Amino acid sequence: GLLDIEIFSVMNTLLKQRVSTLKNIAQENDYSLALVKEKISLQSKYISDLSHSKQEKIQENLALIETNKEQAKKIEDQNVVLHQNVSDLRGRLDFKAELLAQMDKIKDIKSKLDTNIKKTKREIVFYEDNDTCPTCQQDIPYEFKNIEIEKKSGKIAEWQSGLHDAESAMNKFLSRMEEARAIEDQIENIQSQIVKNQSMISGINQFIKKIAKDTLDIKQQEDA
């Protein structure tokens, strides 16, 4: 009977130790499980935050794309107006071709008048300096010389008047040509602005393509 009591006592002690060990293991398992749950919770929160951050970035990109599209549209509209301005200004240059033609005529008239005046002045000098014809050696009557000099002087006066009128007309044409050049300068400045605007539009479109690609990459990462 004593042996049974000792055996029971040993078994009881072993059982208590076993129970204590199992309690410790259970506590450790509970702690490990709590850690795992915490990690899962943190990971889920991280994924949620990351997903939310990506969604915010996508929305920001879409808003940025829309803003830049609107800016590009404004510049395109401005270029439409500028092209119309160029067209209107070119319409105001219709007179230039006729003006150049008239100026060429005036130049031709002036050249002929100058030639006639110089030639006739030489003829007057001839009569003034010669009483005898150098070619045929015949005398040149004084009265004849005076008539010729007077006639030729009249012609010169007439041509000089015409030359003065031609020069006045040329000055008016030159003044109008300055107007044409001013219009051409305006056209050149506007065309320069159009080129700058086109360059800006190109740059904006390139930026939009980049943002669109970045947005697509974010969506693909999110779907992966």
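**Three helices and two nonpolar cores**

Read along the sequence, this protein follows the pattern α-α-α, and in total there are three helices and zero strands, where helices (H or I, at least four residues) and strands (E, at least two) are DSSP runs numbered from the N terminus. Please keep in mind that this is a predicted model, in which local features need pLDDT of at least 70 and side-chain atom pairs count only at pLDDT 80 or more, while totals for chains, interfaces and linings use all residues. Residues are numbered from 1 along each chain as its sequence is written, and side-chain values use heavy atoms, with hydrogens and water left out.

Let me turn to burial. Of the 224 residues in the protein, 21% are buried, meaning under 20% relative accessible area with a 1.4 Å probe, protein chains only.

The largest nonpolar core (buried Ala, Val, Leu, Ile, Met, Phe, Trp, Tyr and Cys residues joined through side-chain atoms within 4.5 Å) has 17 residues, and those with the most contacts inside it are Leu99, Met103, Ile187 and Ile190. Two or more residues each come from helix H1 (2-91), helix H2 (95-129) and helix H3 (142-223), with H3 giving the largest share, nine residues. If we leave aside residues up to four places away in sequence, Ile190 touches Leu82, Asn85, Val86 and Leu89, a contact being heavy atoms within 4.5 Å. Apart from this core lies another, of nine residues, among them Ile117, Ile140, Ile149 and Leu163.

Finally, among contacts between residues at least 6 apart in sequence, 85% join residues at least 24 apart.

How values were computed: Buried means under 20% relative accessible area, exposed over 50%, partly exposed in between (1.4 Å probe, protein chains only).
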